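Welcome! Here is a short set of exercises for getting to know a structure step by step. Have a look at it before you try them.

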Amino acid sequence: ADPPGETALDLLRRAFGDYGRLRGSEVVSPPSSGPGASAPSGPGARDAERRVVPDLLSFRTHLRRVHAEAFRSDDAFASTVRSVLDDVVNGNVPGSDDDGGRRTAELLAKHIDARFKDARAAVTSSSSAGPGGLVDAAIAGDAAESFQAEVMCLFRHVNSKDVFEAFYKRDLAKRLLTGRSVSYDMERSFLSKLKAECGAGYTSKMEGMFKDMDLSREIITNYAAYASRPEPPAGSSGDSPSPKPVEFDVQVLTTGYWPAYPKYPNIVLPPGIVSVRSRFERYYDSKYQGRRIAWQYSLGNCVVKATFPRCAAPKELLVNLPQSLVLLCFQNDDGEDGAGLTIDEISKRTGIDDRGELTRVLQSLSMGREGTRVLRKIDHVQEATADSGKPAPPSDSPRKKQKVRRTVGPLDRFRFNASFTSNQRRIRITNITMKETTEERKKTHDSVSKDRLYFIDAAVVRIMKARKTVDHRDLMGEVLAQLKFPASSSDIKKRIESLIEREYMERVDGVSRYKYLA
């Protein structure tokens with residue numbers, strides 16, 4: 001039976017809300033939901049993930065059109081539209097994870113990252129191009145502004161804004177450091193919208209990234225003038241040969257603003273890089289006393305000039321620093337016996353202790369796409385089969401194409417690929433990056449969850465310090481009101497117990513009242 005006192009308009013509004021939640025659940029329901037569900041895998045699942053945010057934007061447009069045309073922009077129905085979008089975006093619909101919007105926040109950050117990296121998506125269509133293929137800046141700007149306005153409307157419904165911040169900050173750092181961003185102006189414009197929506201504290205680290213990039217350009221400009229002056233080798237009479245000059249560019253980053261990156265404490269750099277690194281350190285120490293430089297070698301990029309027997313002219317290989325160090329292992333020979341180098345030998349020569357990273361580097365240099373295989377892998381499994389003395393198949397029998405083993409074993413060897421050919425002068429060899437696995441995503445979410453515990457602790461202590469004594473129910477209500485992310489009562493109770501154990505507060509009058517301990 002319908003609740004007493006409901007009018008026909010109330011019934012219609014409730015039915016419209018039920019319809020919106022049902023349609024919305026079809027948009028946001030993950031491919032595999034439930035406890036312990038792993039990250040989406042396979043092209044179909046990844047495509048479904050990428051469609052969630054565009055489908056949500058279309059769904060929002062659909063609801064607003066129905067509200068405007070069918071219900072004449074009635075205020076009561078506007079409230080229903082907002083309620084439906086809140087529930088859909090934050091997973092409070094049947095078939096969804098009910099995760100407080102964590103999944104949607106992550107997908108929204110990825111959607112923005114893909115758009116900000118794609119130059120073709122910066123304009124509405126190819127008709128935006130004027131004579132000679134030049135893009136109409138006004139149209140491109142309008143398209144970017146429209147896109148930002150749309151995603152901000154969706155962002156306002158996300159409860160887990162801290163999850164969005166974690167993923168967006170990580171992707172922003174990649175775009176800035178790799179130069180993949182379509183437009184810095186577009187990045188700054190969106191950041192200003194986030195600041196207006198969530199406050200200066202929400203965007204302070206991201207704004208710090210832009211300040212670092214601006215400061216780095218100023219530092220490298222001044223350093224270029226300093227480096228243009230000749231510098232005699234320290235402790236040398238001038239008779240010993242100096243390392244070949246290396247073109248050098250550097251970005252100075254503030255540790256607290258940027259994500260943590262892998263470190264290679266034992267890395268072995270060639271003399272040319274060591275020389276320019278030392279000279280920059282001397283310059284930096286003289287300009288900024290009291291600061292300490294920690295080099296992030298995993299972010300370095302190099303242009304390596306290589307000569308191949310079957311290529312008429314030298315090639316320029318665009319690689320990252322670990323890749324360049326591996327290539328330098330084959331500069332003069334393929335090992336002492338000429339049989340090639342194993343991964344352990346390469347690790348010893350380069351100082352790269354991370355076996356997983358070194359494996360990916362070797363795969364990119366020897367098993368990448370055609371035209372990038374500058375090293376040749378000698379598979380010990382196939383060699384063992386060839387040396388086993390097994391009879392070869394009859395000449396008239398069909399030969400099966402031997403499957404290439406793409407893993408790198410401890411006995412596999414690598415050699416310089418003397419038969420390499422390419423028509424390109426500059427060849428970009430992209431390292432095989434670790435795909436975003438369940439573990440990597442879980443690490444980011446766990447980091448957010450850990451930060452949330454600190455926020456809950458701070459809120460409880462702040463309230464207790466001001467009130468001195470407070471009832472359990474009042475404390476729970478005030479904490480929930482102060483938090484800017486969804487939290488359950490059980491989470492807050494656990495933090496209260498933790499604070500009691502650490503003697504920040506204590507129970508009085510049984511279990512329903514707490515007292516602050518100074």
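**Exercise 1.** Is Glu503 buried or exposed?

*Solution.* Before starting, note that this is a predicted model, in which local features need pLDDT of at least 70, side-chain atom pairs count only at pLDDT 80 or more, and totals for chains, interfaces and linings use all residues. Residues are numbered from 1 along each chain as its sequence is written, and side-chain values use heavy atoms, with hydrogens and water left out.

- Step 1: recall the cut-offs: buried means under 20% relative accessible area, exposed over 50%, and partly exposed in between (1.4 Å probe, protein chains only).
- Step 2: Glu503 has a relative accessible area of 61%, so Glu503 is exposed.
- Step 3: Glu503 belongs to the loop between helix H16 (489-501) and strand E7 (505-508). Helices (H or I, at least four residues) and strands (E, at least two) are DSSP runs, numbered from the N terminus.

**Exercise 2.** Describe the backbone angle phi at Glu503 and at Lys468.

*Solution.*

- Step 1: start from the usual case: most residues other than glycine have a negative phi.
- Step 2: Glu503 has a positive phi, near 65°, and is not a glycine.
- Step 3: Lys468, also a residue other than glycine, has a positive phi of about 70°.
- Step 4: place Lys468 in the chain: the loop between H14 and strand E6 (469-471) holds this residue. With a relative accessible area of 47%, Lys468 is partly exposed.

**Exercise 3.** Find the strands that pair with E2, and say how each runs relative to E2.

*Solution.*

- Step 1: two strands pair if DSSP finds at least two bridges between them.
- Step 2: strand E1 (residues 301-306) and E2 are antiparallel, with six bridges. In this pairing, Lys305 stands opposite Glu316 in E2.
- Step 3: strand E5 (residues 426-428) pairs with E2 in the parallel sense, over three bridges. Here Leu317 stands opposite Ile427 in E5.
- Step 4: now check how well E2 is covered. Six of the six residues in E2 (residues 315-320) are buried.
- Step 5: in a regular strand, side chains alternate between the two faces of the sheet. On one side of E2 lie Lys315, Leu317 and Val319, on the other Glu316, Leu318 and Asn320, and all are buried.

**Exercise 4.** Which residues have the most contacts inside the largest nonpolar core?

*Solution.*

- Step 1: a nonpolar core is a set of buried Ala, Val, Leu, Ile, Met, Phe, Trp, Tyr and Cys residues joined through side-chain atoms within 4.5 Å.
- Step 2: the largest such core has 50 residues, and Leu108, Ile112, Phe164, Tyr168, Phe190, Leu194 and Trp258 have the most contacts inside it.
- Step 3: among the helices that each supply at least two residues of this core are helix H1 (8-28), helix H4 (102-117) and helix H6 (161-178). The largest share, eight residues, comes from H6.
- Step 4: zoom in on Leu194. Leaving out residues up to four places away in sequence, Leu194 touches Met152, Phe155, Phe164, Tyr168, Gly199 and Thr203, where contact means heavy atoms within 4.5 Å.
- Step 5: a second, separate core of 33 residues includes Val304, Val319, Ile346 and Leu365.

**Exercise 5.** Where in the chain do the partners of the Arg21 and Asp87 salt bridge lie?

*Solution.*

- Step 1: a salt bridge is a side-chain nitrogen of Lys or Arg within 4 Å of a carboxyl oxygen of Asp or Glu. The whole structure has 28 of them.
- Step 2: between Arg21 and Asp87 the distance is 2.8 Å, N to O. Arg21 lies in helix H1 and Asp87 in helix H3, so this bridge ties together parts that are 66 residues apart in sequence.
- Step 3: Arg21 is partly exposed at 22% relative accessibility, whereas Asp87 is buried at 17%.
- Step 4: compare Asp214 and Arg217, whose closest N and O atoms are 2.4 Å apart. These two are three residues apart in helix H8, so about one helical turn separates them.

**Exercise 6.** Over which residues, including 236-240, should you read with care?

*Solution.*

- Step 1: pLDDT is the predictor's confidence in each residue, from 0 to 100. The protein has a mean of 83, and 82% of its residues reach 70 or more.
- Step 2: pLDDT is below 50 over residues 236-240, a stretch with zero contacts in the model beyond near neighbours in sequence.
- Step 3: residues 395-401 stay under 50 too, with zero contacts beyond four places in sequence.
- Step 4: where pLDDT is low, the predicted coordinates should not be read in detail.
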